[in-house]
Amino acid sequence: MPRAKKKSELSNELTYSKSNKIINAKGKSPAMGLKLFDIGIRNLKVNEDGSLTSVITLSELRRIFRTNSGSFYTQVKEIIKPTSDRKASILDWRIYKQDDANQRIEGINVITNATFENGELRLEYNKSITNDIYNLQGDYTVLSIDQVVRLTSSYSIKLYEVFKSEIDKERAITGNNGPIYYITYDYQELRKLIGVIPVKASRGEKANEPFKVYSDFRKRVLDRATTEINEITSLHVDYEPVKAAHGAVRAIRFAVSRKENADGKIFVLDEPGQLSEAEKKAVVLEVLDILDGDFTLNDVRSICNSAHYNAALVREKYDLLCRQKQKILNRTGWLKAACEKNFTCNPQEQKSFAETEGSIEAPESQTDKTGGRKIARKPEEGPGKAAGKKKADQKNIARKPWTPEEQAEYDFEQMEMKLVSN
C-alpha cells in the first residue's frame, strides 16, 4: 500500500514529542523560531561529538505549512538575522533551567548554529539539551505541529505547550480526566515563562519591559493567545486575574478544558497515563514517516503498540535494524521484540542480531500467520492441539533467559518449519 494511502487512513495531523523540562523552561524566541524548533526535533540526528543536528527540507516546510507559494527563505532569514534590533533571532533563544529550592539556575542557548542553503534548513542544537529532545523515555508531552504552525504568536505557542503538558501530567499522575483543569501562575513568573521579560533582566531591559500595565498585558498577550488557542487547538482556555489586597494582580488563574475532535469524540485517556485514540493515531502517522514503505499499516500499528507509542524508541530500534549484517526476514517481529526487550548493539563490536522468534498465536482458521507468512497446519492438528502446543512452547522458552549471543547461534527459519511440521 502506498505511504500516502496509509496516511489517509489515519489523520493528516503531525505530532512531535517535547520534554516537559523544555516546555516549562523560561525563555524567548520568535514564533517562527519555535515552530522550526518543533519541526526539527522530529528528525534529529546524533553527530560524532554527541551534538544533535536536524535538516528540514523546503518540501517538508511546504507540506507542514500547507502552502506551495511564497518564499520561506525570507522568513528563515528574518529569524536567523532579524532586520531590526528589537526582534529576536533563533540564535538568541536562551532558556533557563531554574531550581530555586537548591539555588541553581542554568542559562542555555538552544540553537548554536542555523544555516539555510540549497532549499534546506540545518539546525544544530546545544548538547546540554540532548536528553530533553532526543530519545525521550518519559516526562514528555505529545503535541500537534498541525496546530502549532497555525498559531501566529509566540505567546500562543508557549501557552498551548504549557497547558497541554500540565493537563497530561495531571491525568497521568492523579487520573483526573477533567472536564476542567485549573492552573494558576504567579503573574511575574508567567511573564518570564512565556518570554515577555527575560529571567534576569538588566536595568536597560527592565526600563524597556513591554506590557508593564496589566491591561496591556491582558489585551496584547492573554486575550490574543487564548483566542488563538480556542480557535485552532484541541484546548479551550479561560482565565481570570487573582488580585492582592491592594488591588494589584499577583497571579493568573486559567481554566483549561479539552474540546471535541472532528469525530465528535472527547480527547480522554482510556486509563491514567495512556494516550487517547486520537493521539495514538498521530504517533502511528509519525512512525510511518520513520519506517520504509515495506511495512503495512497493521505492521506499524503493532510496532507502535509494542513501543508503547514512543516514536523516538521506534526510530532508535529501526536504526539498529538497518545496521544488521544478517538479513532479517521478519522485520516487523524483530522491531516489536527490539522495542519490548530493548535490544542494544555496540556499533564498534559490529554484533548482529538474528531474527527473533515471535509467539505463535492461536489460529482463527486452518492457517497460522507467522512472520508475515501463512503456513498450512497438518489435518490432524486441530485448534485445541495447536493452542496446547503454543502454551508448552512458551513455557519452555520462558525457562531460559534470552541473550543476544545465544540467539545468533540459531537458524530461526529452520526452527519455525520444525515447529510447524511437528
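**Exercise 1. How many bridges join β10 to strand β12, and in which sense do the two run?** Then place the pair in its sheet and find the helices on it.

Before solving, some ground rules. This is a predicted model, where local features need pLDDT of at least 70 and side-chain atom pairs count only at pLDDT 80 or more, while totals for chains, interfaces and linings use all residues. Residues are numbered from 1 along each chain as its sequence is written, and side-chain values use heavy atoms, with hydrogens and water left out.

*Solution.*
- Step 1: β10 and β12 (residues 249–258) are joined by 7 bridges and run antiparallel. Strands (E, at least two residues) and helices (H or I, at least four) are DSSP runs, numbered from the N terminus; two strands pair if DSSP finds at least two bridges between them.
- Step 2: For one register point, take Ile 180, which sits opposite Ser 257 in β12.
- Step 3: Widen the view: 3 strands make an open, antiparallel sheet, ordered β10-β12-β11. Its edges are β10 (180–186) and β11, each pairing on one side only. From one strand to the next, the twist averages 20°.
- Step 4: Add the helices. α8 (residues 154–174) lies across β10, β11 and β12 and runs at about 120° to β10. α11 (residues 214–232) also packs on the sheet, touching β11 and β12, with its direction at about 160° to that of β11. For these angles, axes are lines fitted to C-alpha atoms (for helices, over the stretch in contact), and values run from 0 to 180 degrees between N-to-C directions.

**Exercise 2. Which side chain of opposite charge is nearest to Lys 35, and how far away is it?**

*Solution.*
- Step 1: Locate Lys 35: helix α3, residues 31–40.
- Step 2: Lys 35 is buried yet has no salt bridge; the nearest candidate, Glu 228, is 7.7 Å away. Buried means under 20% relative accessible area, exposed over 50%, and partly exposed in between (1.4 Å probe, protein chains only). A salt bridge needs a side-chain nitrogen of Lys or Arg within 4 Å of a carboxyl oxygen of Asp or Glu. As for charge, Lys and Arg count as positive, Asp and Glu as negative, with His and the chain ends not counted.
- Step 3: Look at the surroundings. Skipping residues up to four places away in sequence, Lys 35 touches Phe 65, Val 148, Val 149, Leu 151, Thr 152 and Ile 157; contact means heavy atoms within 4.5 Å.

**Exercise 3. Why does Arg 191 count as buried?**

*Solution.*
- Step 1: Arg 191 belongs to helix α9 (residues 187–193).
- Step 2: Arg 191 counts as buried because its relative accessibility is 1%.
- Step 3: Leaving out neighbours within four places in sequence, its contacts include Glu 209, Phe 211 and Phe 217.

**Exercise 4. Where in the chain is confidence lowest, and where is it highest?**

*Solution.*
- Step 1: Start with the chain: mean pLDDT is 74, and 71% of residues reach 70 or more. pLDDT is the predictor's confidence in each residue, from 0 to 100.
- Step 2: The low point is strand β14 (residues 373–376), with a mean of 34, and the high point is strand β11 (residues 235–243), at 94.
- Step 3: Check the weak stretches. Residues 346–383 stay under 50, and the model gives them 79 contacts beyond four places in sequence. Residues 415–422 are also below 50, with 15 contacts beyond near neighbours in sequence.
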